[in-house]
Amino acid sequence: MTGMTTTEASRDGNEEGVSRFVERFAAELTEAGMQRMAARVFAALLASEGASLTSAELAEQLRISPAAVSGAIRYLSQVGMVSRERDPGTRRERYVLHNELWYETFTRRDQILVRWEKVLREGSELLGTETAAGARTAETAEFFAFLQREMLGIMDRWTLHKAARGAGAGSSS
């Protein structure tokens, strides 16, 4: 254990527990609609001390092929959940979670809500607000407008909460 940090040393004795957590969280993500292998890779990165692992490390930890890692990383990169970085002085790539992952994810979702609301309002006018379809579409647009306003407030409160607890104290987003 020489040269290890306290956190690394405490994790060493609990690798089985960490592995169970990774699989459990991955199962939750899969249940919510994420691709299974991408969910496993994401959960492994989230549970890693540096929020960063190589393809070989992911393959070994998850007992999957390098091709499975590659496909999962491709998906996670496309949806903006991870990025690729080169290990200095090597040809190896590391896969890294974004620092403000959840904040950025929900901010992008907020932009989607604005677009959906606009299209729904146009659809409501086209269908006619006096029709059942038009009224239903208008209510859906109103719901997305409400959700978007609430989301902005939540994001502002999160920023204040994070600042109040001293976000620099080794925590991540």
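Good morning. I begin with helix H2, residues 15–31, where Phe21 and Phe25 are four residues apart and therefore separated by about one helical turn. The model I am presenting is a predicted one.

A search of the whole structure returns three aromatic pairs. One of them joins Phe21 and Phe25, and this pair is stacked, with 6.0 Å from centre to centre and 5° between the planes. For anyone wondering about the two values quoted, a pair of aromatic rings is described by the distance of the centres and the angle of the planes. Both residues are partly exposed: Phe21 has a relative accessible area of 40%, and Phe25 has 24% relative accessibility. Elsewhere, ring pairs connect Trp116, Phe143 and Phe144 into a cluster.

Let me stay with H2 itself for a moment. How far does H2 reach from its first C-alpha to its last? The helix has 17 residues and spans 24 Å, close to the 24 Å expected at 1.5 Å a residue. Its buried residues include Gly17, Val18 and Val22, and Ala26 and Leu29 are buried in H2 as well. Just after the helix, Gly33 adopts a positive phi of about 120°.

Phe21 also takes part in a surface feature. Together with Leu46, Trp102 and Phe106, Phe21 makes a nonpolar surface patch of about 330 Å². Of these residues, Trp102 belongs to helix H6, residues 101–127. Trp102 is partly exposed, at a relative accessible area of 30%.

I turn now to charged contacts. The structure holds six salt bridges, and I shall discuss some of them.

The contact between Arg40 and Glu23 returns us to H2. In this salt bridge the closest N and O atoms are 2.8 Å apart. The pair links distant parts of the chain, with Arg40 in helix H3, residues 36–47, and Glu23 in helix H2, 17 residues apart. Which of these partners is buried? Arg40 is, because its relative accessibility is 10% and the cut-off for buried is under 20%. Glu23, by contrast, is partly exposed, with a relative accessible area of 28%.

The next salt bridge is formed by Glu57 and Arg94, and here the closest N and O atoms lie 3.5 Å apart. This pair, too, links distant parts of the chain: Glu57 is in helix H4, residues 55–62, while Arg94 is in strand S3, residues 93–97, and the two are 37 residues apart. Glu57 is partly exposed, its relative accessible area being 31%.

The last salt bridge I shall describe lies within H6, the helix that also holds Trp102. Glu117 and Arg121 form this salt bridge, with 3.1 Å between the closest N and O atoms. Why are these partners separated by about one helical turn? The reason is their spacing, because Glu117 and Arg121 are four residues apart in helix H6. Their exposure can be stated for each side: Glu117 counts as buried at 17% relative accessibility, whereas Arg121 is partly exposed with a relative accessible area of 36%.

To close, I return to helix H2. Phe21 in H2 is stacked with Phe25 and contributes to the nonpolar surface patch, while Glu23 in H2 forms a salt bridge with Arg40 of helix H3. Thank you for your attention.

Conventions:
Residues are numbered from 1 along each chain as its sequence is written. This is a predicted model: local features need pLDDT of at least 70, side-chain atom pairs count only at pLDDT 80 or more; totals for chains, interfaces and linings use all residues. Side-chain values use heavy atoms; hydrogens and water are left out. Patches are made of residues with over 30% relative accessible area and no salt bridge: like charges are joined within 9 Å, nonpolar side chains (Val, Leu, Ile, Met, Phe, Trp, Tyr) within 5 Å. Accessible areas come from the Shrake-Rupley method with a 1.4 Å probe; for residues, only the protein chains shown count as cover. A salt bridge is a side-chain nitrogen of Lys or Arg within 4 Å of a carboxyl oxygen of Asp or Glu. Buried means under 20% relative accessible area, exposed over 50%, partly exposed in between (1.4 Å probe, protein chains only). Rings of Phe, Tyr and Trp (its six-membered ring) pair if their centres lie within 6.5 Å; planes under 30 degrees apart count as stacked, over 60 as edge-to-face and the rest as tilted. The expected span of a helix is 1.5 Å times one less than its number of residues.
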